[in-house]
Amino acid sequence: MKQTQEHPPLKEHHAPLEEDHAPLKELDEWDDFVATRYRQGKSEEEFRNYKADANPTVTEFYRQNHKYQTLDFVLKKKAEYCVLKRGQNSIWEMADYLNTLVDDSDPDTDVTQIEHLLQTAEAIRKDGHPRWFILAGFLHDLGKVLCLYGEPQWAVVGDTFPAGCAYSDQVVFPEFFAANPDGGKPAYQTQYGIYEPNCGLDSVHLFFGHDEYIYRVTQKYLPEQAQYMLRYHSFYAAHRHGAYRHLMNEHDEALFEWVRKFNPYDLYSKGRERPNTKEILPYYRELVSEFFPDKIDW
Ligand SMILES: [Fe+2]
Ligand SMILES: [Fe+2]
């Protein structure tokens with residue numbers, strides 16, 4: 001796997017190894033599962049049958065995700081990554097770095113990580129949306145570099161949910177929460193848990209993953225609508241099912257309109273033709289440099 005000098009070693013640390021913490025053959029297996037779950041035209045009733053769409057590796061992935069993402073874990077990872085002390089890199093360096101994730105897979109059957117980002121962004125561009133919206137499409141999964149930092153898959157991808165309060169019945173594989181140690185803490189299992197009614201999502205700790213990380217990295221360079229798209233794009237229980245509104249404030253409600261606008265591009269752009277990377281790259285180079293300095297903190 002390609003690794004440049006300034007990047008940290010691939011496996012810095014790992015969760016205990018009594019079980020395989022990389023059940024997915026590649027991270028995209030989770031994305032594909034979500035896209036199937038919300039296949040266009042699928043009824044709510046069909047959606048409820050999501051288990052039929054999950055293969056054993058996806059099921060095992062959720063088992064681990066629901067078991068290990070405790071409030072303590074989320075706070076620890078936020079403290080570790082949201083301070084952005086892993087060095088300065090350009091967006092492009094990190095996009096190249098992320099691309100090393102798929103080195104082992106067959107390039108003919110699968111789009112690379114950069115291609116998924118470009119496909120999403122191109123679909124947004126074709127619909128005539130503003131430049132920051134296109135940029136959000138291009139950036140939205142860059143946080144998956146967490147996997148290259150050595151984080152287990154269950155701490156990188158997966159639907160996000162609030163930790164520290166009762167789990168919604170709108171979530172996938174809710175039975176797996178039974179193994180989460182937070183389930184044994186009554187203070188975390190009331191409707192509001194550690195939060196105040198309608199406190200606003202900014203003070204709610206969602207399961208940690210690539211969404212929160214890329215939001216933190218890019219926050220100060222993007223308009224707020226784009227920040228919401230990045231931060232909450234995997235919060236399906238909220239943006240697809242209307243769960244957790246008791247924790248959202250009016251500002252969240254208003255901004256979620258943009259999260260919902262963004263979601264179909266993330267879900268459904270994959271089936272489209274492969275982007276002509278060479279042809280469109282100059283456009284994206286200009287777009288990125290319009291919003292970002294050469295190097296930013298990661
Ligand atoms: Fe994502
Ligand atoms: Fe995505």
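# Cavities, salt bridges and two iron ions

Modeller: The largest cavity has a volume of about 100 Å³. Bear in mind that this is a predicted model.

Colleague: What makes it a cavity and not a pocket?

Modeller: A 1.4 Å probe fits in a cavity but cannot get out, whereas a pocket is open. By this rule there are 5 cavities of 30 Å³ or more.

Colleague: Which residues line the largest cavity?

Modeller: There are 14 of them, and D31, H116, Y236, D266 and L267 lie nearest its centre. Two elements, α1 (28–37) and α11 (250–268), each give two or more residues to this lining. Helix α1 has the largest share, with 5 residues.

Colleague: How do the lining residues of the largest cavity divide by class?

Modeller: Into 5 nonpolar, 4 polar and 5 charged. Asp counts as charged, Tyr and Leu as nonpolar, and His falls among the others, as polar.

Colleague: What about the second largest pocket, how much space lies in it?

Modeller: About 200 Å³. Its lining is Q119, E122, A123, K126, R272, E273, R274, P275, N276 and I280. Helix α6 (residues 113–126) gives the most, with 4 residues.

Colleague: How many residues of that pocket lining are charged?

Modeller: There are 5, beside 3 nonpolar and 2 polar. Asp, Glu, Lys and Arg are what counts as charged. By that rule E122, K126, R272, E273 and R274 qualify.

Colleague: On to charge pairs. How many salt bridges does the search find?

Modeller: 18 in the whole structure. Side chains of opposite charge can pair when their charged atoms come close.

Colleague: Why is the contact of E80 with K77 called a salt bridge?

Modeller: The cut-off is 4 Å between a Lys or Arg side-chain nitrogen and an Asp or Glu carboxyl oxygen. For E80 and K77 the closest N and O atoms are 2.9 Å apart, so the pair is within the cut-off. These two residues are 3 apart in helix α4 (residues 71–81), about one helical turn.

Colleague: How do you know whether K77 is buried or exposed?

Modeller: Buried means under 20% relative accessible area. K77 has 2%, so it counts as buried. Its partner E80 has 31% and is therefore partly exposed.

Colleague: What makes E93 and K295 a pair?

Modeller: A salt bridge, with the closest N and O atoms 3.0 Å apart. E93 is in helix α5 (residues 91–99) and K295 in the loop between α12 (277–291) and β2 (296–297), so parts 202 residues apart in sequence are tied together. With 23%, E93 is partly exposed. With 34%, K295 is partly exposed as well.

Colleague: And where do R125 and E122 lie?

Modeller: Both are in helix α6, 3 residues apart, about one turn of the helix. Their side chains meet in a salt bridge of 2.9 Å, N to O. E122 also lines the second largest pocket. At 12% E122 is under 20%, so buried. R125, at 29%, is partly exposed. Elsewhere, D202, E212, R216 and R231 form one network through salt bridges that share partners.

Colleague: Now the metals. Which residues coordinate the iron ion (ligand 2)?

Modeller: H116 (NE2), H140 (NE2), D141 (OD) and D266 (OD), at 2.2 to 2.4 Å. A donor must be within 2.8 Å here, so these atoms qualify.

Colleague: Why is the site of the iron ion (ligand 2) called irregular?

Modeller: Its 4 donor atoms make angles of 86 to 176°. A tetrahedral site needs all angles between 85 and 135 degrees, so the upper value rules that label out. The assigned class is irregular. Water is not among the atoms, so sites may look incomplete.

Colleague: Which protein donors does the iron ion (ligand 1) have?

Modeller: D141 (OD), H210 (NE2) and H233 (NE2), lying 2.0 to 2.2 Å from it. D141 is in the loop between α7 and α8 and H233 in the loop between α9 (224–232) and α10 (236–239), so the pair ties together parts 92 residues apart in sequence. Both D141 and H233 are buried.

Colleague: How far apart are the iron ion (ligand 1) and the iron ion (ligand 2), and which residue coordinates both?

Modeller: They are 3.7 Å apart, and D141 coordinates both. In sequence, the donor residues of the iron ion (ligand 1) are spaced D-x68-H-x22-H. For the iron ion (ligand 2) the spacing is H-x23-H-D-x124-D.

Conventions. Residues numbered from 1 in each chain as written. Chains lettered and ligands numbered in written order. Predicted model: local features only at pLDDT ≥ 70, side-chain atom pairs only at ≥ 80, totals over all residues. Heavy atoms only, no water. 1 Å grid on protein atoms, 1.4 Å probe; cavity = no way out; pocket = protein on both sides within 12 Å on 5 of 7 lines; lining within 4 Å. Points joined across faces, edges and corners; volume = space filled by probe spheres on them. Buried < 20%, exposed > 50% of the residue type's maximum accessible area, 1.4 Å probe, protein only. Donors = N, O, S within 2.8 Å, 3.2 Å for Na, K, Ca; no water. Tetrahedral: all angles 85-135°; square planar, octahedral: opposite > 155°, others 65-115°.
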